Amino acid sequence: MKFFESLTSTKTVLWSAMTLSLIIIYPNIGDIYWKLFSPPGSVHRLIPLTCAGGIYFIYRYFFFVALTWTLISFNLTKATQSLNKRLGYSFVIALGAYLIYVVIGTKVGYMVRMESFTKEVILQFLIAWLIPVLIGHIYSLIIVQQKVEKEMEKLRMETLQSRVEALTNQINPHFFFNSLNGIAALVSANRNQETVEYVAKLSNIFRYILQSDKKGLVTLEEELKFVDAYRYLLEVRYHGKICFEIEVPETAMELRLPVLSLLPLIENIIKHNVIDSDHKMKVHISLCGECKLFVSNPVYCKFHTETSHGIGLSNLSARYKLLMEADIEVKEEEGIFTVVLPLKKIEDESSDC
């Protein structure tokens with residue numbers, strides 16, 4: 001957009017008018033070199049320019065500069081007009097300029113008066129009329145195209161945001177019900193102190209989840225803080241039978257990923273695995289390379305798996321495709337289930353790092 005603003009600046013329009021005027025009134029200007037440096041007596045030798053002819057040339061040149069500058073400026077500022085209106089209004093301006101040119105010609109010398117009515121001059125005025133119209137029309141087409149692209153991008157972003165919010169909102173009820181079951185278990189066991197701390201942690205977690213529909217990408221630091229709070233709830237719920245190992249350097253904390261990327265992974269671990277004294281769960285979160293987050297856990301399959309509602313990995317995969325134009329990796333090797341999450345650098349959100 002800045003490029004087109006520079007093209008429509010007063011300085012650029014003036015230089016364009018000066019160049020265009022010179023080409024219009026002296027289309028064979030390229031021959032001037034040969035006429036200046038031809039041998040004496042050559043048919044191409046430049047005819048000496050008289051004082052009157054020089055004054056006339058200057059007058060005619062600046063007259064056309066003023067005309068073309070006016071027409072170019074008019075056509076660039078009236079970018080919303082149709083081509084027919086642009087042609088009509090510009091013709092009126094050009095015709096008025098020609099009449100002024102003729103009136104001035106009748107008041108000056110014989111050469112100017114006679115030259116004002118030649119076909120060559122009329123053709124020059126026609127060219128001075130049509131070229132600015134063409135410039136303005138092309139400029140208006142570019143402006144319209146930019147507006148269409150801007151509206152399409154805005155619509156795409158609104159659609160994207162709506163789809164992301166819909167996917168994110170699927171997570172909330174699933175998590176809320178599990179958390180309420182944890183509170184009920186603590187209250188029934190009369191673990192009052194733990195219940196108070198559990199509710200405080202749960203309040204922070206709920207706040208983060210409820211605000212997630214207003215966010216797209218968040219920093220890795222925000223997600224890990226959420227995991228730290230959620231870890232307490234799980235440790236209380238499973239009495240130390242689950243633990244987390246987080247190995248992420250401080251330098252990676254500003255990398256970004258879709259909000260609530262880690263919640264469905266942890267929920268899937270809880271949902272699809274046996275967690276008891278014989279099957280203690282260790283969730284390992286680490287950074288591989290510069291921009292990939294690994295979330296892995298041992299597999300302790302349940303004998304009777306719960307019915308899946310498609311909230312877990314498919315939801316996360318869909319959000320990654322929408323927000324990062326990338327996808328997660330899922331693999332299972334030697335009894336270890338791993339999900340790989342691509343990350344982005346803050347300073348370059350247009351591509352994965």
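E245 sits in between buried and exposed in this predicted model: its relative accessibility comes out at 29%, so the residue counts as partly exposed. Its charged partner is K282, and the two form a salt bridge in which the closest N and O atoms are 3.3 Å apart. K282 lies in strand β4 (residues 281-288) while E245 belongs to strand β2 (residues 242-247), so this contact ties together parts of the chain that are 37 residues apart in sequence. K282 is partly exposed as well, with a relative accessible area of 41%. That figure falls short of the exposed class because exposed means over 50%.

A further strand-to-strand pair turns up with E329 and K292. Here, too, a salt bridge is formed, and the closest N and O atoms are 3.3 Å apart. E329 is in strand β6 (residues 329-333) and K292 in strand β5 (residues 292-298), which makes this a link between distant parts of the chain, 37 residues apart. As for accessibility, E329 comes in at 36% and counts as partly exposed; K292, at 37% relative accessible area, is partly exposed too.

Then there is a pair within a helix. R231 forms a salt bridge with D228, and the closest N and O atoms are 2.3 Å apart. Both residues lie in helix α9 (residues 220-238), with a spacing of 3 residues, or about one turn of the helix. D228 has a relative accessibility of 36%, so it goes down as partly exposed. R231 is at 22%, and it still counts as partly exposed because only values under 20% are called buried. Taken over the whole structure, the tally is 5 salt bridges, with R231–D228, K282–E245 and E329–K292 among them.

Away from the charged pairs, L22 is worth a quick look. This leucine is found in helix α2 (residues 10-25) and is partly exposed, its relative accessible area being 28%. L22 and F64 are 42 residues apart in sequence, and the distance between them in space is 8.4 Å, C-alpha to C-alpha.

How values were computed
Residues are numbered from 1 along each chain as its sequence is written. This is a predicted model: local features need pLDDT of at least 70, side-chain atom pairs count only at pLDDT 80 or more; totals for chains, interfaces and linings use all residues. Side-chain values use heavy atoms; hydrogens and water are left out. A salt bridge is a side-chain nitrogen of Lys or Arg within 4 Å of a carboxyl oxygen of Asp or Glu. Helices (H or I, at least four residues) and strands (E, at least two) are DSSP runs, numbered from the N terminus. Buried means under 20% relative accessible area, exposed over 50%, partly exposed in between (1.4 Å probe, protein chains only).
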